[in-house]
Every structure is written in C-alpha cells, then in structure tokens.
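Work through the exercises below with the sequence and the structure open. Each task is followed by a solution in steps.

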Amino acid sequence: MSRHVLLVDDAEDILEVARLSLELTTPWRITTLRRGAEVLERCAADPPDLVIMDVMMPELDGPSTLARLRQDPRTQGVPVVFLTARVHAADRARYQALGALGVIPKPFSALELAELICAQLGW
Amino acid sequence: MKTYQQSMGPGLVAWQHVASYLAGCAGRGSLPELVDGMARALEADAALLLSLADGAGRVQAVAEAPEDMAPPLSFETAGLATEALPAGIIRLVSGGARAQYPRDPWLRAVAAEAFAAMALTDDQGLPLGTLIVAFREPLTSRPYLESIMRLLACRMEAELQMRRTQAQLAHQQRLNAALQAVAVRVNTASTLEEVVRDTLILVGEALSSKMGRLYLEDAREAGQLRQVGLWTANHAVASRVHCDERRRCSLIDARLARRVMRERQPRSEAIRRQSTCDCDATGDRTVLTHRVAFPILAGTEAVGAVEFYLPAAPAGEPALMETTMALGTMLGRVLERQRAVTALRASEARFRALVEAARDAIVVLDDADCIQLWNHGAELTFGHPASEMVGQPLALALPELGGRLLRLWEDEPGAARLIELGGRHQDGHELPLECSVGHWQVGEACFRSVIMRDVSERHEMDRLKDEFVATVSHELRTPLTVIRGALGLLEAKVVEPGSERHDFLVGVSMRNTDRLAALVNDILDMERMRSGAEQLTLAPLELSTLLVDAAEMLRPLAEQSGVALVVEVSPMTVLADADRVVQVLVNLLANAIKFSPPESMIEVSLVATGAMAQVRVRDHGRGVPAEHRRRIFERFHQVDASDARAHQGTGLGLAICREIVGRHGGTIEVSSPPDGGSCFWFTLRRVDRPQAIAPGELAS
C-alpha cells in the first residue's frame, strides 16, 4: 500500500516543487498543507506515514507543531522530518530533542529528496 | 705739659692699682671695671674697649671710662688698631691726635691730644677688638704704659674671647633649637608652605632675619625659578613688604638662589644694593645688608632654594651653613612628601572620576568581604544607593549573586576572570551580568573587586541579530530552494517539455529568480541606507507633481487589480531627494493595491500640517491590526507571513520607507480609519513656508 506523506510549508512554490519531486520519484501519496494547525487536525483525523515540515511558518511554527503532535496520544507516533534552512548543530539537536527523525536542508536536490528521506527513516 | 712719671708718682703705685683691679675683677668677668682701672692706673682721661662682632667687622663698645661718656663709635679708630697694628703692638700717638685723625668723633669727643691703642686678638691671632686710652695733653714719657696696657689687655682678651665663645655657643644653641623645632614641623606640617613659613620664623629669630623667600623650580618651564613664598619676621605684615626700587632691588634677585641650587651648597653674601624693608611690626624700616641662601634638596636634586635676608652679616657662618644644609634636606623631604601626596591625590581623583563616570557597576570588598566601594554605575545597575550598600557584607547585600562571586574568589584566589552571572535589580527584574572579578593586595590588606556590566541590551541585540540573520537566510533560501528544485527536475528531464508541469517549473523558476533579485536589491538598499553610505540628494521639489507621477506609474497595476486610484493634491514644495520620495510613494501605493479588494478605491492626498507636508495613502483593504502597527515597519515583519509569498513582497519595503523618511527628518506611520482599511502617511519638511531649516536638522 502506498505511503501517505504530508508535505507542509507556508511557501507555495516550495510546496509545489517538493510535491512534484516526490510524486515523480516515489509512489507516495502526497498531501500539501500550509499551516501547523492544519497538520494537527489532519494527523489526528488520519495519521500519515510521514510529515515533512518546514520550520519557519507563521502562527504555529514547525517545532511547536511537532511538540503538539507529541503531546496528543493519537499523533505522538507520527514520524516527522523537518525541511529547513536552519540546520546548525544547535538547531538539529533541538529538533531531535523534540522528536524529529531527520532534517532535510534547504535548498534541496529535487531528485534526491526522496532518497534523503528514506535514508533518514530507514525506509 | 705733664709727664706720665710726674702724674703717676712711683711706678709701684700704678702696679698696685693694676694688681688690685685685677684681683677685684678676678673671676667676675667685669670688663668695665678693668677699663676703668686701666684708665686710673694710667691716669688717662678716657679709655674705650671695642669688640668686633664675630669676624663680621661690626664694632661694639664694650666698656668705656668715664662710664657716663657714651662715646660715639668710630670705624676709623677701630680700624686704626685692628688693621694697622700687628697683634700685641701698641700704637702710640703722643700729640696732635685730633689733627692726625680729624674725622674721628671719639677723639673729638674726649678732646684727645694723645692716645695709645692696641689690637686685642684671640688665641689664633684673629682680631677681637681694640683697646684705646686717650690723654688730653701730649705724652712726654710712657714708662709702664705699654706694660700695664698689655697686662690688662691679656685679661680683656680672655674676657672677650670667653664672651665670644659664649655668644657663639648661644647662637649655635638657638640654631639647634630652631633646627629641632623645624624637624618637628617637618613631620607634622602638611604643606611645604607651612614648613617654610615656620622655618623662617624659627630660624629667622635665631638669625635675626627680617625676611625670607622660597623659590621652587617652575614645573611649566624647566630651569626657571618661581618665587612661591615671601615672608617677613613679622609675617603679619608680609603683604606690606616693599622695596624702594622694586625693579632694581637686590631682594628680588634670584641669582644667589640659582647659585646655591647649582652648587648644592648654602652661601651667604653682602647685598650690593642695600634695600630697606618695613618688615618690623613697629613700622621701622630696616636696612637689609646680607642674605643667606640654601638649596632645597630632594635626594641629590636641588628643587628650590630659601633665602634669608639679614640686617647684618650672619654670625657663626660655618655652623650656620651646616644648619641651613640640614634645613634644605629637611625641606626637600617635605617637598618630596608633598609632591607624593599631590600625585596620590591626583591619582585618587582620577580613579574616583573614572569609577564614578563608569556605567558599569564597580564594587570593591575589604578583607572581611564587606562592600567598601559601590559606584554610581552599581547604583544604576542594581537600584540600591551607595549609602545603603557600603559596609554591608556582599553575601547579604546581593543574596544570590554575592554568594556566587565569593565562591569564585575562593575557588581561584588571585585569578582575574570574566564570567557571566545572573543578578537581580532592586525592583526584582533579572539582570544578566558580565562580571570581571579581580583580587589585589595592599600591604597586609586584601581587596576583591568586581566590575559588572548589565548585558541585557547586548543579549537583546544578539537575539535580534540572530533573528535577522535567520530571517534573511530563510528569505534567501526559499526562492533558491524553489529554483534549485525546479531546475533539478527540468535538468533530469523527468517532465515532458511543453507539458503543464514543465511550464510550471519554468515559470516558478523565473518568478523566484525575480524574487531573489528583488530581495537581494532590497537588502543591499536597506543596508546602504542604514550605514549612511547612500547619500540623499536634497533639492526643493513640487511634491504634488511627484505624487501624480507615482500614481500614474502604478495606475496599470491598479487597473489590473480592479482598483481605482484617486489623487487629490495641491501645490506644496518640500526639500527632498526626488528618487527616494518616489520610491516611498511607489512602495506605499503598491502595497495599497496589493491589499485592496477589487472594485475598491485608493485615495492619495497631500495636506499641510504646520511646517510639514503630509502625504496620505488610504486604502479600503483589511487594515492593519493594532498590535502590528508599530512593528510593521520593522525588517521582514509581516502581518501575515504568507503575504510576502502571495504578493511577491520582500518584507523590506516598509522598513526601507521608514529609513528614507527618517533621513529626511520626517515620520511615517499607519492608522486604521474607523470605516475600515488602512491609512499610511508620511511627512516631509516644507520649504514654501518662511520657517528656515536649521543646519543639521535633516539627517544627512
């Protein structure tokens, strides 16, 4: 069965390019979202196999969204990978401490995006 | 004419007289009786014993016969005996004495026709005085005269020598007493002036000095002497001291002072041009004939000199020179001490000024860990006044911080360290403090110091800087991510050329390239503006024309968005940079168009508010919430972060507008009219009004 992946970014163009990249290189079912609040709702209703999420987003940013996911028993097991420009060692440690499984640095190679994700998740 | 033999009778009688006078005077030291006895033995009409004051040439009548005669002194008579005659030789003028010495008042006074004189000398042959006997009639014979005179002269010489020795001893005792008194003052006085004043009084009394001066080397001009003090024996009238011929007066001649400084030896001299000084309390004008000067020695260096002015040659000169040398050394010590104290006070004043001017909190503890110094910076930092903190144990005064500081000192005594610790203000708010701790020892006492800087502002600046860097990084990487991702897919040919996906990838690459370029331009523009590298070209401008032009530039975009642009302006001249003002107008109008719903209207107006022209851009969009109105002009601040992407903004437009308007001396703000939408407005200074622009009023 095809994996369901939520792709979350407030930048519309990034979202579209990343979605296109994953659709062209994987059999995954991709859903795109722009707000952290939408992620919480969607995960609670239908937990995906993976959330690929931007860090700097308005209102509820990526780390806060992840923290909320971990607090909710229905979503606490959802794997999360961050897609971000903030990839300093301190940032990575913070994401890891929150429960993120990996970090994909921006800008990314569209063809290698899926490979990077799989490598970090052990898929 | 009587002869000596006739008048005296047998010589034995005369010798008996002499013997009885000598016996009568034995041990009593009575020179008048001896002189009287000699006159009687020699049947002389008058006799006079003159003494010379301690080799100084001053003559003093010691005894005379008859006693009530009160003879005038004569230098001629004294010189006659002391200079012309070798010791022990009697000069005898048997007749015509007054004709031979017509100007001698004593010979005239006693109506002398004949006299015998001899010089009295001490053991070393140095003159002590003169002994003279006078006769109103010429002498025809002189048996026993020389023998009797010599015999009595021996007795008188012994007496005079004893007197002189006693006088010298007394003089030396006075000097020694003065020296001791000065030594005491040296140890107790706080300034050189006090010591010198007291020295002059004490030594001056011992020397019978009337006036003194202190010279010191001029600190501003090397090698020059500066008179820093002038005193008189009666120092109460010091201000009245004057010289008859001030310009030429030897009393203001510093040559002797310079000489003693050069030679580092005391010296005395007669004043060539004698001057009078009314330095007695009685107002008597005293003739000052001599001066004594000695150097003030600080170590081996002569740093000044003191002069004493005397009405006569100083007595006991070798002892005096020795005494003054000791005085000079003592005064030098005082001077050194005074200079050290002055330097210490200056250093202390500098230290205090630095400590009190410092914004940092500076705290010094004594060896009991109590606060000894709590500067103004500490008062500002912690909110506690020094009066409350000085004397308090640090651990009590600053409960948490104090304990940690003390542990630092205990863990690493003597080490200087820089560490950040948390403190608390008196009002309770927390303080991040950068603490520099030190430790020093003065003699047995141990001190600990800590300089604390409130780094709240720096932390905030660091936070803002990090945030800005992160935001810029994010803003730059977003279009880059899109471009790289899209080009990667295009390069890999995973999409069909001409397909919808292909067109999307090309389009998104183009759009994000433009966005990236705009972002880079805005960032550079902003930084040039902030750093002052971008200079404004100010000129009088017709603002209404600029508004109309800017509106026409944006009219196609407005029409495309279905928004009406209405411009209502009247002529108004401002001093501004035309390109920059147009940049602000375009930015505000573009924003208004972006956020206006279709079929709505944007009104551009220009009104005068006093000396300023106010430009208003009013839209009927969703408005700016109150909490964003101040921050909306900050870099990258968005009311809704998705706006930048949706409307292709960079997040820097309003920040650039604020910089431009600010540098013109104006303000820019946004308000929300009651009927909805927003009104952005900015001001520029008018020049079509009489008010002149003060130089520097405009930010350059």
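## Exercise 1: A salt bridge between chains

A:Asp13 is buried, with a relative accessible area of 12%. The model is a predicted one.

Task: Which side chain does A:Asp13 meet in a salt bridge, and at what N to O distance?

Solution.
- Step 1. Look for the partner in the other chain: the side chain of A:Asp13 meets that of B:Arg511, at 2.7 Å from N to O.
- Step 2. Place both residues. B:Arg511 belongs to helix α16 (residues 500-531) of chain B and A:Asp13 to helix α1 of chain A, so the pair joins two chains.
- Step 3. Compare the burial classes. A:Asp13 has a relative accessible area of 12%, under the 20% cut-off, and therefore counts as buried. B:Arg511 has 35% and is partly exposed.
- Step 4. Recall the general principle: side chains of opposite charge can pair when their charged atoms come close.

## Exercise 2: The contact between chain A and chain B

Task: Describe the contact between chain A and chain B by its residues, its buried area and its polar pairs.

Solution.
- Step 1. Count the residues: 22 come from chain A and 27 from chain B.
- Step 2. Take the area. The two chains bury about 2200 Å² between them, and 69% of this is on carbon and sulfur atoms.
- Step 3. Count the pairs. There are 2 salt bridges between chain A and chain B, and 5 residue pairs are in polar contact, with both residues at pLDDT 80 or more.
- Step 4. Find the main contributor on chain A. Helix α1 (residues 12-25) gives the most to the side that touches chain B, namely 8 residues.
- Step 5. Sort the residues on this side of chain A: 12 are nonpolar, 2 are polar and 8 are charged.
- Step 6. Look for a linked group of charges. A network of salt bridges links A:Glu16, A:Arg19 and A:Glu23 with B:Arg501.

## Exercise 3: The make-up of chain A

Task: How many helices and strands are there in chain A, and in what order do the elements run?

Solution.
- Step 1. Count the elements: chain A has 5 helices and 5 strands.
- Step 2. Read them from the N terminus on. The order is β-α-β-α-β-α-β-α-β-α.
- Step 3. Check the burial: of the 123 residues in chain A, 55% are buried.
- Step 4. Check the contacts. Among those between residues at least 6 apart in sequence, 61% join residues at least 24 apart.

## Exercise 4: Two salt bridges within chain B

Task: Which elements hold the partners of the pairs B:Glu269 with B:Arg291 and B:Arg458 with B:Glu434?

Solution.
- Step 1. Take the B:Glu269 pair. Its side chain meets that of B:Arg291 in a salt bridge of 2.9 Å, N to O. B:Glu269 lies in strand β8 (residues 267-277) and B:Arg291 in strand β9 (residues 286-298) of chain B, so the bridge ties together parts that are 22 residues apart in sequence.
- Step 2. Classify the partners: B:Glu269 is partly exposed at 26%, whereas B:Arg291 is buried at 3%.
- Step 3. Take the B:Arg458 pair. The salt bridge to B:Glu434 is 2.7 Å, N to O. This pair links distant parts of the chain, with B:Arg458 in helix α15 and B:Glu434 in strand β14 (residues 430-442) of chain B, 24 residues apart.
- Step 4. Classify again: B:Arg458 is partly exposed at 35%, and B:Glu434 is buried at 19%.

## Exercise 5: The span of helix α15

Task: What span should helix α15 (residues 456-491) of chain B have at 1.5 Å a residue, and how far apart are its end C-alpha atoms?

Solution.
- Step 1. Helix α15 has 36 residues, and the expected span is 1.5 Å times one less than that number, which gives 52 Å.
- Step 2. The end C-alpha atoms are 51 Å apart, which agrees.
- Step 3. Look past the end: just after α15 of chain B, B:Lys493 takes a positive phi of about 55°.

## Exercise 6: A loop asparagine

Task: Is B:Asn375 buried or exposed, and which backbone atoms does its side chain reach?

Solution.
- Step 1. Locate B:Asn375: the loop between β12 (371-374) and α11 (376-382) of chain B.
- Step 2. Its relative accessibility is 0%, so B:Asn375 counts as buried.
- Step 3. A polar atom of the B:Asn375 side chain lies 2.8 Å from the backbone oxygen of B:Val355. The side chain of B:Asn375 also reaches the backbone nitrogen of B:Ile362, at 2.8 Å.
- Step 4. Beyond four places in sequence, the residues that B:Asn375 touches include B:Glu356, B:Ala358 and B:Asp360.

Note on methods
Residues are numbered from 1 along each chain as its sequence is written. Chains are lettered from A and ligands numbered from 1 in the order in which they are written. This is a predicted model: local features need pLDDT of at least 70, side-chain atom pairs count only at pLDDT 80 or more; totals for chains, interfaces and linings use all residues. Side-chain values use heavy atoms; hydrogens and water are left out. Contact means heavy atoms within 4.5 Å. Buried area is the accessible area (1.4 Å probe) that two parts lose on being put together, summed over both. A salt bridge is a side-chain nitrogen of Lys or Arg within 4 Å of a carboxyl oxygen of Asp or Glu. A polar contact is a pair of N or O atoms within 3.5 Å; within protein, one must be able to donate a hydrogen and the other to accept it, and residues adjacent in sequence count only if both atoms are side-chain atoms. Helices (H or I, at least four residues) and strands (E, at least two) are DSSP runs, numbered from the N terminus. Ala, Val, Leu, Ile, Met, Phe, Trp, Tyr, Cys and Pro count as nonpolar, Asp, Glu, Lys and Arg as charged, and the others, Gly among them, as polar. Buried means under 20% relative accessible area, exposed over 50%, partly exposed in between (1.4 Å probe, protein chains only).
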